[in-house]
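Here are some notes to read with the model open beside you. Take the points one at a time and find each residue as you go.

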Amino acid sequence: MGFILKVEGAETIELGMDNIQKVVYDTDTPDDSNARSTDVGSTLRISGKIITATDGDKADDTLKLANWSLVPAEKADCYRKVTLKVIAADQVVREVSFPNAFVVDYTERFGDSEGVGTFDLYIKQKKDKTEFANILGGYAFSQ
C-alpha cells in the first residue's frame with residue numbers, strides 16, 4: 001500500500017510513497033449531539049519520513065509543508081487544495097480531496113538514531129466548505 005499527497009496553492013507540494021507511512025481520515029461531528037449534526041468537519045492526519053537529497057536527487061517537499069504551516073490566516077494562501085490517494089495493487093482505494101484545506105498542526109522530529117527525521121501533518125477542510133470535500137475510490141491507478 002502506498003500514498004501520494006499533492007498540495008496545490010502558491011506552490012505545488014508533492015509527497016510520494018517513499019515519504020508517507022500512515023494516513024488517518026476523520027469525519028468529525030460533535031459527540032454530544034442527539035441527531036445528525038450540521039456541524040461536520042473533515043480532517044487528515046498524515047505521518048511519514050523526511051528524506052534527504054543524495055546523489056543529485058532533489059530534496060523531498062517536507063520543507064514546503066513546514067513553510068505552509070507558517071502561513072498566517074490573513075493570507076489567502078493558508079488555504080490550499082489537497083488531494084491524497086491511497087493506492088494498493090495498482091488501484092486507488094481512496095482519493096480524498098479537500099479544496100480549502102489548512103494546517104492545524106505540523107510537527108517534525110529528529111534524533112541521532114532513527115535516520116533523517118519524521119513528520120506529522122494535521123489538516124482540516126475549511127468548515128463552511130465541507131460540502132466541497134470529496135471521497136472517491138475503486139479505480140485503476142495511473143501516474
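1. **Who lines the largest pocket.** Strand β1 gives the largest share of the lining of the largest pocket, namely four residues. Keep in mind as you look that this is a predicted model. β1 (2–8), β2 (12–15) and β5 each supply at least two residues of that lining. In total, 25 residues line the largest pocket. If you want a place to start, go to Ile4, Glu14, Leu15, Gly16 and Met17, which lie nearest its centre.

2. **Space and character of the pocket.** How much space lies in the largest pocket? The value is about 590 Å³. Sorting the lining residues by type gives ten charged, eight nonpolar and seven polar.

3. **Arg80, a charged residue to look up.** Is Arg80 buried or exposed? Arg80 sits in strand β5, and its relative accessible area is 3%. It counts as buried because the cut-off for that word is under 20%. The side chain of Arg80 also makes a polar contact with the side chain of Asp77, at 2.5 Å.

4. **What surrounds Arg80.** Leave aside the neighbours within four places in sequence, and Arg80 is still in contact with a long list of residues. Among them are Val7, Glu8, Gly9, Ala10, Glu11 and Ile13. The list also includes Trp68 and Val71, and then Phe98, Pro99, Asn100 and Ala101. Try showing these together with Arg80 on your screen.

5. **Thr83, also in β5.** Strand β5 holds Thr83 too. With a relative accessibility of 13%, Thr83 is buried. Which residues does Thr83 touch, not counting those up to four places away in sequence? They are Ile4, Leu5 and Lys6, together with Glu95, Val96 and Ser97. Ile4 may look familiar: it was named above as one of the residues nearest the centre of the largest pocket.

6. **The loop after β5.** Between β5 (80–88) and β6 (91–109) there is a loop, and Ala89 is found there. Asp90 lies in that loop between β5 and β6 as well. Ala89 has a positive phi of about 50° although it is not a glycine. For Asp90, phi is near 60°, again a positive value in a residue other than glycine. Both residues are exposed: Ala89 has a relative accessible area of 75%, and Asp90 has one of 57%.

7. **The buried side of helix α1.** Which residues of helix α1 (residues 62–69) are buried? They are Thr62, Leu65, Ala66 and Trp68. These residues lie on the same side of α1 because they cover an arc of only 160° around the axis. The cover over the buried residues of α1 includes β1, β2, β4 (41–49), β5, β6 and β7 (118–125). Trp68 links this point to an earlier one, being among the contacts of Arg80.

8. **Thr118 and its partners.** Thr118 belongs to strand β7. Its relative accessible area is 22%, so Thr118 is partly exposed. Ten residues along the chain separate Thr118 from Glu108, yet their C-alpha atoms are 5.7 Å apart. Not counting residues up to four places away in sequence, Thr118 touches Thr107, Glu108 and Arg109, as well as Gly48, Lys49 and Ile50.

Note on methods: Residues numbered from 1 in each chain as written. Predicted model: local features only at pLDDT ≥ 70, side-chain atom pairs only at ≥ 80, totals over all residues. Heavy atoms only, no water. Buried < 20%, exposed > 50% of the residue type's maximum accessible area, 1.4 Å probe, protein only. 1 Å grid on protein atoms, 1.4 Å probe; cavity = no way out; pocket = protein on both sides within 12 Å on 5 of 7 lines; lining within 4 Å. Points joined across faces, edges and corners; volume = space filled by probe spheres on them. Nonpolar A, V, L, I, M, F, W, Y, C, P; charged D, E, K, R; others polar. Polar contact = N/O pair within 3.5 Å; in protein donor to acceptor, adjacent residues only side chain to side chain. Contact = heavy atoms within 4.5 Å. Arc of directions from axis to C-beta.
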